[in-house]
Amino acid sequence: MKADPSAQRRLLDLAGLDAELARAQHRRRTMPEQTAVEDAETTVRAHRDAVVTARTAVGDLGRDVAKLEQEVAQVTAREERDRGLVDSGSVSAKQVTDLSHELDTLARRRGVLEDSQLEAMERLDAAETDLAHEQAALDAAETALADAVERRDGVLGDIDVLEARRGAERAELAKTLPEDLLALYDQLRARTGTGAGELVGARCGGCRIEMDRNEIRAVAAAAPDDVVRCEQCGTIVVRTEKSSGKASV
């Protein structure tokens, strides 16, 4: 293939833009800011689960306390009714005896219920404290997640701007290149990741391998408009003033 030396030199500019775009794509795939967001999301999910568990415990204990309060109230009401009958003098001596026994039983029952109620209320207080702690941890985790998302989105925005600018520059530069030369460059870049490289000394800019003497002589003997390729990697070798001996064009 033949191509004007100036067009071949423009391949180096094209390769530079492609390398920058490739780095941007790699940055997008491997950005630590995305990992930070994913870690923060995992933390938020864990705290949300903990809040749900704590809230469920508070709800269950709240129902237990309410049930015990109701039972205490029922026993107390029964005591007040029986005591009222005894105090009224309207019942027989046998009924007074029976009511006295029932009052003793109700008093013991109320004592047990009140102890259980107190214990349940203490557990409820502890559960509410746990819920408040877990909610505070969740709030902090959600704030950290929002910060991580903001940092990631900022980096993504920078990458988007860079890719848009370099993509536009590449499109304009590609228009100045011969179609067959550009097609070969794109084919090589798709295959190996590098379409063209500068020959510096005897070192290929694509694979970074030193050419042997025979290859250097062949490059030096090539016409300025010959499109020369590296025998090792197949990359288009662009000859410049940095190239060895007569290989420079």
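Biologist: In which sense do strand 2 and strand 3 pair, parallel or antiparallel?

Modeller: This is a predicted model. Strand 3 covers residues 236-243, and 2 bridges link strand 2 to strand 3. One bridge partner of this pairing is Val-237 in strand 3, set against Val-228. The sense is antiparallel.

Biologist: Which strands are the edge strands of the open sheet?

Modeller: The sheet is open and has 3 strands, with mixed pairing. Their order is 1-3-2. An edge strand here pairs on one side only. That holds for strand 1 (196-201) and strand 2 (228-229).

Biologist: At what angle does helix 1 run to strand 3?

Modeller: Helix 1 spans residues 5-30. Helix 1 lies across strand 1 and strand 3. Its angle to strand 3 is about 105°.

Biologist: How many nonpolar residues are in the contact of helix 1 with helix 4?

Modeller: The two axes come within 11 Å and cross at roughly 35°. The crossing is right-handed. Helix 1 brings residues including Leu-11, Leu-14 and Asp-18, while helix 4 brings Leu-181, Leu-182, Tyr-185 and Arg-189. By class, the contact has 2 charged, 1 polar and 7 nonpolar residues.

Biologist: Which helix gives the most to the largest nonpolar core?

Modeller: That core has 21 residues, and Val-58 and Leu-124 are among those with the most contacts inside it. Leu-124 touches Val-58, Leu-61, Gly-62 and Val-65, leaving aside residues up to four places away in sequence. Helix 2 (32-88) and helix 3 (93-175) each supply at least two core residues. The top contributor, with 11 residues, is helix 2.

Key. Residues numbered from 1 in each chain as written. Predicted model: local features only at pLDDT ≥ 70, side-chain atom pairs only at ≥ 80, totals over all residues. Heavy atoms only, no water. Pairing = 2+ DSSP bridges. Helix = DSSP H or I, 4+ residues; strand = E, 2+ residues; numbered from the N terminus. Contact = heavy atoms within 4.5 Å. Axes fitted to C-alpha atoms, helices over the stretch in contact; angles between N-to-C directions. Left-handed = near helix turned anticlockwise from the far one by under 90°. Nonpolar A, V, L, I, M, F, W, Y, C, P; charged D, E, K, R; others polar. Core = buried A, V, L, I, M, F, W, Y, C linked by side-chain atoms within 4.5 Å. Buried < 20%, exposed > 50% of the residue type's maximum accessible area, 1.4 Å probe, protein only.
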